[in-house]
Amino acid sequence: MLHPSAPPRPVRVGAALAGVVGLAGLSGCASSGAQAGAPSEDIAYTDGTYTAEGSYRTPETTETIEVTITLADDVITAVEVVGDPQAPQSVQYQGRFIGGISDEVVGRDIDEISVSRVAGSSLTSGGFNDALETIKAEAAA
């Protein structure tokens with residue numbers, strides 16, 4: 001039975017297709033931790049230990065973290081993150097991030113790293129990714 005106020009069939013089919021496309025687009029947003037980034041660009045990085053600062057905005061302030069990464073054959077073999085939280089909430093979130101980042105990135109190719117959320121901390125990830133880009137530029141030089 002056709003409901004008298006139901007939209008025409010082409011409109012319903014279009015709306016259904018738009019929903020499917022929207023869900024497919026959002027499926028990559030639901031995961032946490034380090035995600036595969038863009039395909040490897042075949043950049044060979046120089047082995048070594050690199051340190052860079054990254055920053056990110058919180059609702060209260062701009063925070064910075066210091067990231068130290070050791071590379072061997074383009075693979076991260078060690079990571080250390082030092083925070084300097086300015087806002088009270090940042091103490092908790094930076095602490096969680098620092099406690100969980102090693103499990104997310106050690107043993108992975110540096111070009112495959114794009115951290116979105118670690119141990120419930122998503123804003124600190126922005127600072128980490130910022131520092132990671134600086135380290136990649138230094139290691140590629």
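1. Is Thr124 buried or exposed? In this model, which is predicted, Thr124 has a relative accessible area of 2% and is therefore buried, since the cut-off for that label is under 20%. Thr124 has its place in helix α3, and, leaving aside residues up to four places away in sequence, Thr124 touches Tyr56, Ile65, Tyr93, Gln94 and Phe97. Two of these partners, Gln94 and Phe97, are themselves listed among the buried residues of α2.

2. On the overall layout, the chain contains 3 helices and 5 strands, and reading along the sequence gives the pattern α-β-β-β-β-α-β-α. Of its 141 residues, 29% count as buried. When contacts between residues at least 6 apart in sequence are considered, 58% of them join residues at least 24 apart.

3. The sheet to look at is an open one, formed by 3 strands in the order β2-β3-β4 with antiparallel pairing. Its edge strands are β2, covering residues 48-57, and β4, covering residues 75-83, each of which pairs on one side only. Neighbouring strands of this sheet are turned against each other by 25° on average, with direction ignored.

4. Strand β3, which runs over residues 62-72, pairs with β4 in the antiparallel sense over 8 bridges. Within this part of the sheet, Thr70 stands opposite Ala78 in β4.

5. Two helices pack on the sheet, and they can be taken in turn. Helix α2, residues 88-105, touches β2, β3 and β4, and its direction makes about 170° with that of β4. Helix α3, residues 123-140, likewise packs on the sheet and touches β2, β3 and β4, while its direction makes about 140° with that of β2.

6. The loop between β3 and β4 deserves a careful look at its backbone angles, and it holds both Asp73 and Asp74. Asp73 has a positive phi of about 55° although it is not a glycine, and Asp74, also a residue other than glycine, has a positive phi near 70°. As for their surroundings, Asp73 is exposed, with a relative accessible area of 65%, whereas Asp74 is buried, with a relative accessible area of 16%.

7. How far apart are the end C-alpha atoms of α2, and what span should its 18 residues have? At 1.5 Å a residue the helix should span 26 Å, and its end C-alpha atoms are 27 Å apart, so the two values agree. It should nevertheless be noted that α2 bends by about 35° at Gly99. After the helix comes Gly107, whose phi is positive, near 95°.

8. The buried residues of α2 are Ser90, Gln94, Phe97, Gly100, Ile101 and Val105. What covers them includes the sheet strands β2, β3 and β4, together with β5, residues 114-115, and helix α3.

9. Helix α3 has 18 residues and reaches 26 Å from its first C-alpha to its last, close to the 26 Å expected at 1.5 Å a residue. Its buried residues are Thr124, Ser125, Gly127, Phe128, Asn129, Ala131, Leu132, Ile135, Lys136 and Ala139, a list in which Lys136 may catch the eye of a reader checking side chains. The cover over these residues includes β2, β3, β4, α2 and β5, so that α2 and α3 each appear in the cover of the other's buried residues.

10. Asn129 is another residue of helix α3. Asn129 is buried, with a relative accessible area of 19%, and because the cut-off is under 20%, that assignment rests on a value just inside the limit. Not counting residues up to four places away in sequence, Asn129 touches Ser114 and Val115, the residues that make up β5.

11. Which residues form an aromatic pair, and how are their planes arranged? A search of the whole structure finds 1 aromatic pair, and it is formed by Phe97 and Phe128, which are tilted, with 5.7 Å from centre to centre and 55° between the planes. The pair links distant parts of the chain, since Phe97 belongs to helix α2 and Phe128 to helix α3, 31 residues apart. Both Phe97 and Phe128 are buried, and Phe97 is also one of the residues that Thr124 touches.

Terms used:
Residues are numbered from 1 along each chain as its sequence is written. This is a predicted model: local features need pLDDT of at least 70, side-chain atom pairs count only at pLDDT 80 or more; totals for chains, interfaces and linings use all residues. Side-chain values use heavy atoms; hydrogens and water are left out. Two strands pair if DSSP finds at least two bridges between them. Helices (H or I, at least four residues) and strands (E, at least two) are DSSP runs, numbered from the N terminus. Axes are lines fitted to C-alpha atoms, for helices over the stretch in contact, and angles run from 0 to 180 degrees between N-to-C directions. Contact means heavy atoms within 4.5 Å. The expected span of a helix is 1.5 Å times one less than its number of residues. The bend at a residue is the angle between axes fitted to the seven residues ending there and the seven starting there. Buried means under 20% relative accessible area, exposed over 50%, partly exposed in between (1.4 Å probe, protein chains only). Rings of Phe, Tyr and Trp (its six-membered ring) pair if their centres lie within 6.5 Å; planes under 30 degrees apart count as stacked, over 60 as edge-to-face and the rest as tilted.
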